[in-house]
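Reader: Could you walk me through the enclosed spaces in this protein, and tell me which residues surround them?
Author: Gladly; let us look at the structure together.
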Amino acid sequence: MVIMEAMDLTLQQAADLLDAYRKEHKLARIVDPDECRELDIGEGSCQYGRPCHAVWGSNHRCSNCISYQACHTDKERRKQELRNRQLFEITSRPVNLHVDAATTLVASLELIDWREATPAEVADIPEKDNDNADFLNQHDTLTGLFNKEGFSRAVRAELAAQPDTDFTMVSINLRKFHMINDLYSMKKGDEVLVSVAESIRQKCHTGALIARLFGDHFAVFEPTDETLEARLQEFLDEALFVIEEDDIPLHIHAGIYAVVDRNLPVAIMIDRADMARKEIENDYNIGSAHYTKKLWETAINKQEMVNRFTDALAQDEFHLYLQPQLKKKKK
């Protein structure tokens, strides 16, 4: 059963629920994923306990934390992990834990089971690395995608590893995304971001580098092929889903930059894809656009004009011309 919204629980209800689940699962607990701590729930009390990642023998917050995602999207999340040839099945369900009349903790109920993995599972599922501090430094907690720093490093490494491969940089942005946060809440906004991230993953080839650079700005870097634009258009068409409450469509635009100069900084590659996207961001009928040298030249000319504006104003280089308007009298 999928829990679409957070469960509202008193301390007593939470304690009773944990007792029931502990009869069915090897581990049942409630955690605060924002602070990365287990919650020790006793008779009428709730205390922060050990770090929730300690159960894995790890010293760091878990990568791709589905409990964090569950709390920020109000949706149940599930995943499998392979650790020391043990296959773990993890379910996270969002919980609003009412500690008292004035205090509510946004938490997650975790149900965890494990068994020895089969040889096929060992071959197919990557081994989980407990020491994942570097992963966390380079990835976005909400979506599990690269962050800006991690993306830049991964792109540069990919360019070095495949010197004879042509690559494409894609910039993806949600139009007026802030309105979703303003109208529905940050939690609804997080839910949309996770959904978009999952959709992008589905349309990209295996091995593509995908990032949530910040806010509602995503980027994709992958080898150029003839299916890229078709896959991108399919993603854009499917992304026009509706926010349930008020039928507000979500519009997404994409800019495409074919990487010609591999020695450009990755940030500039992203900027060039952005430049193409911004050309169409006010047009609801166009989903994507390509970067061209003319776009760059136009942007440079505009910036030079802006740079000269203050001096030109001070030197009286602006002149006002009024055109007379004549109206003929009716006979």
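Author: A term comes before the residues: a cavity here is a set of grid points where a 1.4 Å probe fits but cannot get out, and lining residues have an atom within 4 Å of a point. Please keep in mind that this is a predicted model.
Reader: Fine, how many cavities of 30 Å³ or more are there in the whole structure?
Author: A search of the whole structure turns up 3 cavities of that size, and the largest of them holds about 140 Å³ of space.
Reader: Which residues are closest to the centre of the largest cavity?
Author: Its lining has 16 residues, and those closest to the centre are Trp-56, Cys-62, Cys-65, Ser-67 and Glu-110. Helix H2 (66-73) and strands S5 (77-83), S6 (86-100) and S7 (103-116) each give two or more residues to this lining, with S5 giving the most, 3 residues.
Reader: And how do the residues of that lining divide into nonpolar, polar and charged?
Author: The lining of the largest cavity has 7 nonpolar, 4 polar and 5 charged residues.
Reader: Now the second largest cavity, what lines that one?
Author: This cavity holds about 110 Å³ of space, and its lining consists of Val-170, Ile-172, Ile-200, Lys-203, Cys-204, Val-220, Glu-222, Leu-228, Arg-231, Leu-232 and Phe-235.
Reader: Which element gives the largest share there?
Author: Helix H8 (228-238) is among the elements that give two or more residues, along with strand S8 (167-174), helix H7 (186-203) and strand S10 (217-223), and H8 has the largest share, 4 residues. The lining of the second largest cavity divides into 8 nonpolar and 3 charged residues, with no polar ones.

Key
Residues are numbered from 1 along each chain as its sequence is written. This is a predicted model: local features need pLDDT of at least 70, side-chain atom pairs count only at pLDDT 80 or more; totals for chains, interfaces and linings use all residues. Side-chain values use heavy atoms; hydrogens and water are left out. On a 1 Å grid over the protein atoms alone, a cavity is a set of points where a 1.4 Å probe fits but cannot get out, and a pocket is an open set with protein on both sides within 12 Å along at least five of seven lines; lining residues have an atom within 4 Å of a point. Grid points are joined across faces, edges and corners, and a volume is the space filled by probe spheres set on the points. Ala, Val, Leu, Ile, Met, Phe, Trp, Tyr, Cys and Pro count as nonpolar, Asp, Glu, Lys and Arg as charged, and the others, Gly among them, as polar.
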